[in-house]
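The exercises that follow are meant to be worked with the sequence and the model side by side. Each one sets a task and then gives a solution in steps.

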Amino acid sequence: TLEKKCDWNIRTAQYYLAADSDFVSASTFIKRSQRHIKAVPLTKDTLPLHIRHKTAYARILDYERRFLDAAIRYMELSQMDVGDLISEADLLEALTHAVTCAVLGEAGPSRARVLAMLYRDERSPRITNFRILEKMYKEQIIRGPEVEKFERMLAPHQLAELAGGVTVLQKAVNQHNLLAASNIYDNIKFEELGNLLGMNAEEAERLAWTMIEEGRLPGTIDQVDQVIEFEDHTHQGVILEW
């Protein structure tokens, strides 16, 4: 039956996840279960199967650095009302993972929406990473000591170094702080922005250009005067209206 096929694939994926040794194989088996799980009716008897699938899938998305997708899956898990099947502690742990993945996601409107939903969860002040969630939601500059405190909470794959020598967290914080700067300044020199972000002027220009080009930062770049002009300072309003 479809239910048995799903169960076998999910169990196999969980085996690899438990060993923390072969996320590629775990991903293969959980993706096989994806083809069938939607056809398994959600009933009292099949609910544990759906929960196991959601948990394993969220972990794999997290490992694959599809952080916003993982944040949404973890958040869905944290909000499930399933009686004794998931303890309150486990629900809070899922919420904590959701916040961590949202923080590590690409800055922009999609992440802003996820951050808003997490911040509005009445349980969020109880989790260990609430402070960085609050600062990201309110688009406030995140300073070095706050980054270091959050970094100590991360798993090894979340500390991976990317092209250019920056970590996943450094990239996420740099993008966030650039968005936060756009709420403070109408325009800013490349060098001043670099000082604010802890990088040189060329790196600051490249980061701003990339985010503008991808539609994640409204603004223009004047390379002659070496100035970034921010076009829209209403990010927070967009979040609140969503």
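**Exercise 1: the sheet**

Three strands make up an open sheet, ordered E1-E3-E2, with antiparallel pairing. The edge positions belong to strand E1 (187–189) and strand E2 (219–222), each of which pairs on one side only. Note before starting that this is a predicted model.

Task: Determine how many bridges join E1 to E3 and how many join E2 to E3, and then find the bridge partner of Asn 187 in E3.

Solution. Step one takes the pairing of E1 with strand E3 (residues 227–230), where three bridges link the two antiparallel strands. Step two turns to the other pairing, in which E2 and E3 also run antiparallel and are joined by four bridges. Step three looks at individual residues: Asn 187 has Glu 229 as its bridge partner in E3, and Glu 229 is likewise the partner in E3 of Thr 220. Step four concerns the connection, since E2 and E3 form a hairpin with four residues between them, and Gln 226 in the turn has a positive phi of about 55 degrees.

**Exercise 2: two helix pairs**

Task: For H5 with H6, decide whether the helices are roughly parallel or roughly antiparallel to each other, and do likewise for H4 with H6.

Solution. Step one is the geometry of helix H5 (residues 88–104) and helix H6 (residues 109–120), which pack at an angle of about 155 degrees with their axes 10 Å apart. An angle over 145 degrees counts as roughly antiparallel, and H5 and H6 are therefore roughly antiparallel to each other. Step two identifies the residues in contact: H5 contributes Leu 95, Ala 98, Val 99, Ala 102 and Val 103, while H6 contributes Arg 111, Val 114, Leu 115 and Leu 118. Sorted by class, this contact of H5 with H6 holds eight nonpolar residues, no polar residues and one charged residue.

Step three applies the procedure to H4 and H6, whose packing angle is about 25 degrees and whose axes lie 11 Å apart. Angles under 35 degrees count as roughly parallel, so H4 and H6 are roughly parallel to each other. Step four again lists the contact, made by Leu 68, Ala 71, Ile 72 and Met 75 of H4 together with Ser 110, Arg 111, Val 114, Met 117 and Leu 118 of H6. The contact of H4 with H6 divides into seven nonpolar, one polar and one charged residue. Step five adds the handedness, which is left-handed for the crossing of H5 with H6 and left-handed for the crossing of H4 with H6.

**Exercise 3: burial and positive phi**

Task: Establish why H7 is described as largely enclosed by the rest of the structure, and decide whether Glu 139 counts as buried or exposed.

Solution. Step one considers helix H7 (residues 130–137), which is largely enclosed by the rest of the structure because seven of its eight residues are buried. The buried residues of H7 are Phe 130, Ile 132, Leu 133, Glu 134, Lys 135, Met 136 and Tyr 137. Step two moves to Glu 139, located in the loop between H7 and helix H8 (144–151), where this residue has a positive phi of about 55 degrees although it is not a glycine. The relative accessibility of Glu 139 is 11%, and Glu 139 therefore counts as buried.

Step three sets beside it Arg 65, another residue that is not a glycine and has a positive phi, here of about 65 degrees. Arg 65 lies in the loop between helix H3 (47–63) and helix H4 (67–78). With a relative accessibility of 39%, Arg 65 counts as partly exposed.

Terms used
Residues are numbered from 1 along each chain as its sequence is written. This is a predicted model: local features need pLDDT of at least 70, side-chain atom pairs count only at pLDDT 80 or more; totals for chains, interfaces and linings use all residues. Side-chain values use heavy atoms; hydrogens and water are left out. Two strands pair if DSSP finds at least two bridges between them. Axes are lines fitted to C-alpha atoms, for helices over the stretch in contact, and angles run from 0 to 180 degrees between N-to-C directions. Angles under 35 degrees count as roughly parallel, over 145 as roughly antiparallel, 65 to 115 as roughly perpendicular and the rest as oblique. A crossing is left-handed if the near helix is turned anticlockwise from the far one by less than a right angle, and right-handed if clockwise. Contact means heavy atoms within 4.5 Å. Ala, Val, Leu, Ile, Met, Phe, Trp, Tyr, Cys and Pro count as nonpolar, Asp, Glu, Lys and Arg as charged, and the others, Gly among them, as polar. Buried means under 20% relative accessible area, exposed over 50%, partly exposed in between (1.4 Å probe, protein chains only).
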